[in-house]
Amino acid sequence: MTISAPARAVRVLAAPGERHEEILTPAALDFLARLTEAFGERREQLLKERRRQAIRLASGSPLDFPVATAAVRDDRTWRVAPQAPGLKDRRVEITGPPERGMAVNALNSGAQVWMADFEDATAPTWDNVIGGQLNLLDACQRRIDFTTPEGKEYRLGENPATIMVRPRAWHLLEEHLEVDGRPVPASLVDFGLYFFHCAQRQIDAGYGPYFYLPKLENRYEARLWNDIFVFAQELLGIPRGTVRATVLIETITAAFEMEEILYELREHSAGLNAGRWDYLFSLIKTFGHRTDFLLPDRAKVTMTAPFMRAYTELLVRTCHQRGAHAIGGMAAHVPGKDPEAHHAALAKVRLDKERAAEDGFDGSWVAHPGLVPLCREVFDGVLGEHPHQLDCTREDVQVEARDLLSVRRISGPPTEQGVRTNIAVALRYFDAWLRGQGAVALDGLMEDAATAEIARVQIWQWLRHRVLDRETVLRVLDEELASLGAQHPWAALEEVRELFERNALASELPLFFTPDAYTRHLVRRAEGRS
Ligand SMILES: CC(=O)SCCNC(=O)CCNC(=O)[C@H](O)C(C)(C)COP(=O)(O)OP(=O)(O)OC[C@H]1O[C@@H](n2cnc3c(N)ncnc32)[C@H](O)[C@@H]1OP(=O)(O)O
Ligand SMILES: O=CC(=O)O
Ligand SMILES: [Mg+2]
């Protein structure tokens, strides 16, 4: 493979780690430089457009299905690309960070797909980012087997799951790589390195380079990804249309452009996924200033709330009308060690998967290998021998803007327990994230960047609407920090407190906690070495 030199070079601003040179090859860095040159500016324009849209919505502009694209929605003839090898049957998809042991466990779990996650489940330390790429490269080459110092063996089995990679979202930067003195967009790093090293290898193995795309806010961001796919395929001599990508519908604005997002990506589309946690976060962030969007304790905002039903049913209908898979999101419960809690968790996950399968979803996410058999059993019950239920076109579903925005029916103030839980979750998650762990089990629930965002924006929203007072928050904050310190004497309590205060107590709500926390705490720059 030859790539002619780009006008500008990538500088690596990190000390060389073990085997990093296998990923950060001159050709791979040139490829990243080309992607950055071609798309960096457009990304910045789109981030500005996000801010403009947020201001319009905050000042009362209505959110509705776009008039400008009515023709795309009305045209019943277009369909997305056919299902690619390894993506026809997606009844169970396991997600998790691309950490080595978890990668082997996920690939062997019996799920059809492993979503290797650089986004919600990964704290983007440099070692996690490059280590994750190494694990993907090793998995593609079937050389990922290893034995731990304690003697535990990890061996890749015969029928591993199909790999889909979720790069970090558009708002994040990778500060250990620079082009022209500026950090490289993290999405381009995660996409680009995996594509560069593994696209051809995956094709040779009978699959392809497959992706999950997080936190898109509109059709223009989908168009940007499509253009990146066309460009990357052309540059590396990979046939156009080989890439497949499933877009997470996990922002409130994207829910109004599901058809358009599929349309923009149609030659590379592998459907949509209902990313419920970021969706709730986005809803609170976008409309947090409005009293009719005051949400109660997180535990009370379930998938049966009418506005969540409208969102998931519209997603299934939209996908199936266009020949695309609809994949259900994540139930937060994970198996526990205590038998009673374990059974209760499994029962809750089962209900969630049953609802998804009956609604017409073609498969669903699980957070843990122990949930794979349950999810498979539920979807087997509905799909049988069929790989999907695309013929369930949900003509019965009619969703209007007000259905997606009808939060008032469940709105209300928090309970004291709800406040404490949010503070505890945010603190414990921040602590784990600062130590390089992007997903944790807390009180039987999977917590990751998306759920931590909900925890801190709910506190912010409740304070803003004066259904919670600052003294209570500060008192509970002290108590929960003390409890965290007692359980984890190594916890970075001052940094955790600061993160919480900056992200939950500021008068202006930070859009995400991750960019600032990353720059302050995770970046470990060394002198540039190239
Ligand atoms: C909102 C969203 O975006 S959802 C998608 C993003 N979030 C995620 O992907 C979270 C995925 N899940 C996880 O990371 C984990 O399940 C956690 C952190 C919640 C819990 O992990 P643990 O505390 O290690 O659970 P537990 O002790 O029960 O694990 C038992 C074994 O299963 C493995 N395991 C647990 N979850 C996974 C997973 N998702 N993938 C692969 N292996 C897993 C563990 O590594 C462990 O393996 P080992 O015995 O070889 O060490
Ligand atoms: O990424 C998934 C979500 O629920 O957020
Ligand atoms: Mg998400």
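Ligand 1 sits between the two domains of this protein, because domain 1 (12-58 + 65-403) and domain 2 (413-521) both give residues to the shell around it. Keep in mind as you look around that this is a predicted model.

**Around ligand 1**

Which residues come nearest to ligand 1? Of the 23 residues around it, those are Thr95, Gly96, Asn105, Asp120 and Ala439. Three elements each give two or more residues to this shell: strand S2 (92-96), helix H4 (100-107) and strand S14 (440-442). The largest share is that of H4, with 4 residues. Sort the shell by class and you get 15 nonpolar, 5 polar and 3 charged residues.

**Around ligand 2**

Now find the other ligand. The residues surrounding ligand 2 are Asp120, Leu248, Glu250, Gly275, Arg276, Trp277, Asp278, Gly329, Met330 and Ala450. You've met Asp120 already, as one of the residues that come nearest to ligand 1. Helix H10 (residues 276-287) gives the most to the shell around ligand 2, with 3 residues. By class, this shell holds 4 nonpolar, 2 polar and 4 charged residues.

**How the two domains meet**

Time to step back to the domains themselves. The assignment for this protein gives domain 1 (12-58 + 65-403) and domain 2 (413-521), and their C-alpha centres are 25 Å apart. How many residues of each domain are in contact with the other? On the domain 1 side there are 33, and they are in contact with 34 residues of domain 2. H10 and helix H12 (339-359) are the elements that give two or more residues to the side of domain 1 that touches domain 2. H10 gives the most here, with 6 residues. That side of domain 1 divides into 19 nonpolar, 8 polar and 6 charged residues.

So H10 is a good helix to highlight on your screen: it gives the most to the shell around ligand 2, and it also gives the most to the side of domain 1 that touches domain 2.

**The whole protein**

Zoom out, and you'll find 19 helices and 15 strands in the protein. Its C-alpha trace spans about 60 × 55 × 50 Å along the principal axes. Does that go with a compact or a stretched-out fold, and what radius of gyration would a compact globule have? With 530 residues, a compact globule would have a radius of gyration near 24 Å, and the protein has 22 Å, which agrees. Of those 530 residues, 50% count as buried. Look at the contacts with a separation of 6 or more, and 79% of them are between residues 24 or more positions apart.

**A helix to follow: H11**

Helix H11 (residues 306-321) has 16 residues. From its first C-alpha to its last it reaches 22 Å, close to the 22 Å expected at 1.5 Å a residue. Is this helix mostly covered or mostly open? It is mostly covered, with 13 of its 16 residues buried. Just after H11 comes Gly323, which takes a positive phi of about 70°.

There's a handy rule for reading any helix like this. An α-helix has 3.6 residues a turn, so residues three or four places apart point the same way.

**Some loop residues**

Loops are worth a look too. Ile238 lies in the loop between helix H7 (219-235) and strand S10 (244-249). Is it buried or exposed? Ile238 counts as buried because it has 20 C-beta neighbours inside 10 Å, and 20 is the number a residue needs to be called buried. Leaving out residues up to four places away in sequence, Ile238 touches Ala199, Gln200, Ile203 and Gln233. Ala199 is 39 residues away along the chain, yet the C-alpha atoms of Ile238 and Ala199 are separated by 8.0 Å.

Two arginines in loops have a positive phi, although neither is a glycine. Here is how they line up:

| Residue | Phi | Loop between | C-beta atoms within 10 Å |
|---|---|---|---|
| Arg142 | about 55° | helix H5 (126-140) and strand S4 (146-147) | 12 other C-beta atoms, exposed |
| Arg394 | about 50° | helix H13 (372-383) and helix H14 (401-404) | 19 C-beta neighbours, partly exposed |

Why does Arg394 count as partly exposed? It has 19 C-beta neighbours inside 10 Å, while a buried residue needs 20 or more and an exposed one has 12 or fewer. Arg142, with 12 other C-beta atoms within 10 Å, is exposed.

Definitions and conventions: Residues numbered from 1 in each chain as written. Chains lettered and ligands numbered in written order. Predicted model: local features only at pLDDT ≥ 70, side-chain atom pairs only at ≥ 80, totals over all residues. Near = placed C-beta within 6 Å. Nonpolar A, V, L, I, M, F, W, Y, C, P; charged D, E, K, R; others polar. Domains from an automatic or database assignment. Rg over C-alpha atoms; globule rule 2.2 N^0.38 Å. Contact = placed C-beta atoms within 7 Å. Expected span 1.5 Å × (residues − 1).
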